[in-house]
Amino acid sequence: YISDTDYITKKQIGSDDILYRAYFNRVYGFCKNKGKDLELEVAVHIKGGYHPDVAAMQKKDFKIPYFVTVLDDRSNLLIKHNFVAMVQVDNEGYGQAQMRQKIRIPRANLGKVDQAQILVGMQLTADELATNRKEGRF
């Protein structure tokens with residue numbers, strides 16, 4: 001995953017009060033040859049929860065947008081896919097989401113396969129990214 005985009009602190013609209021926080025608990029993947037393509041399977045496990053001060057009626061399932069990007073051996077962008085994970089919360093306001101995607105990449109586009117890069121991160125707004133960089137991981 002990409003540092004500073006592996007977690008999110010979501011604030012209430014128009015306020016500095018924290019609504020919820022979520023993070024990548026695990027990210028893993030593997031590749032398989034599929035003819036002239038390489039099939040990349042990426043799995044993400046996201047955990048998160050609402051701040052204790054958030055009212056019970058506000059504690060609903062929430063979406064976490066994230067991306068999977070593949071760079072070739074010269075760090076050129078080959079593929080970027082955007083996904084959305086739905087974090088299903090319990091009565092206490094904590095929950096998780098597990099997602100798995102398969103992405104096919106033409107082997108000819110990769111160059112030296114062992115030097116290709118796979119990047120995974122959450123789609124953050126500029127304010128969310130600034131918060132992460134300012135406050136650090138919770």
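## A tour of the strands, core and salt bridges

Select Arg21 and Gly49: Arg21 stands opposite Gly49, which lies in strand 3. The model on screen is predicted.

**Strands 2 and 3.** Extend the selection to residues 37-50, which make up strand 3. Strand 3 runs antiparallel to strand 2, and 14 bridges join the two. Now go to the turn of this hairpin, where two residues sit between the strands. Pick Gly35, whose phi is positive, near 65 degrees.

**Strands 1 and 2.** Next, select residues 7-11 for strand 1 and residues 18-34 for strand 2. The two strands pair in the antiparallel sense, with five bridges between them. For one pair to display, take Lys10 and its bridge partner in strand 2, Tyr20. This is also a hairpin, with six residues between strand 1 and strand 2. In the turn, select Gly14, which has a positive phi of about 75 degrees.

**The nonpolar core.** Show Ile46, Phe62, Ile64 and Tyr66 as sticks. These are the residues with the most contacts inside the largest nonpolar core, which has 29 residues. Which elements give two or more residues to this core? They are strand 2, strand 3, strand 4, strand 5 (77-89), strand 6 (94-106) and strand 7 (117-122). Strand 3 gives the most, with six residues.

**Thr69.** Move to residues 62-71, which form strand 4, and pick Thr69 there. Is Thr69 buried or exposed? Its relative accessibility is 7%, so Thr69 counts as buried, the limit for buried being under 20%. To see what surrounds Thr69, leave aside its neighbours within four places in sequence and select Leu77, Ile79, Lys80, Gln117, Ile118 and Leu119, with which Thr69 is in contact. For a distance check, draw a line from the C-alpha atom of Thr69 to that of Leu38: the separation is 14 Å, and the two residues are 31 apart along the chain.

**Salt bridges.** The model has five salt bridges; three of them are visited below.

Start with Asp4 and Arg133, which form a salt bridge with their closest N and O atoms 3.1 Å apart. Asp4 is in the segment before strand 1, while Arg133 is in helix 2 (residues 126-135), so this pair links distant parts of the chain, 129 residues apart. Arg133 is exposed, because its relative accessible area is 56% and the cut-off for exposed is over 50%.

Stay with the salt bridges and select Glu128 and Lys10, whose closest N and O atoms are 2.9 Å apart. Glu128 lies in helix 2 and Lys10 in strand 1, so the pair ties together parts that are 118 residues apart in sequence. How do the two ends compare in accessibility? Glu128 counts as buried, at 9% relative accessibility, whereas Lys10 is partly exposed, with a relative accessible area of 29%. Lys10 is also the residue met earlier as the bridge partner of Tyr20.

The last stop is Arg100 with Glu41, a salt bridge in which the closest N and O atoms are 2.8 Å apart. Arg100 belongs to strand 6 and Glu41 to strand 3, so this pair ties together parts that are 59 residues apart in sequence. Glu41 is buried, with a relative accessible area of 8%.

Note on methods:
Residues are numbered from 1 along each chain as its sequence is written. This is a predicted model: local features need pLDDT of at least 70, side-chain atom pairs count only at pLDDT 80 or more; totals for chains, interfaces and linings use all residues. Side-chain values use heavy atoms; hydrogens and water are left out. Helices (H or I, at least four residues) and strands (E, at least two) are DSSP runs, numbered from the N terminus. Buried means under 20% relative accessible area, exposed over 50%, partly exposed in between (1.4 Å probe, protein chains only). Contact means heavy atoms within 4.5 Å. Two strands pair if DSSP finds at least two bridges between them. A nonpolar core is a set of buried Ala, Val, Leu, Ile, Met, Phe, Trp, Tyr and Cys residues joined through side-chain atoms within 4.5 Å. A salt bridge is a side-chain nitrogen of Lys or Arg within 4 Å of a carboxyl oxygen of Asp or Glu.
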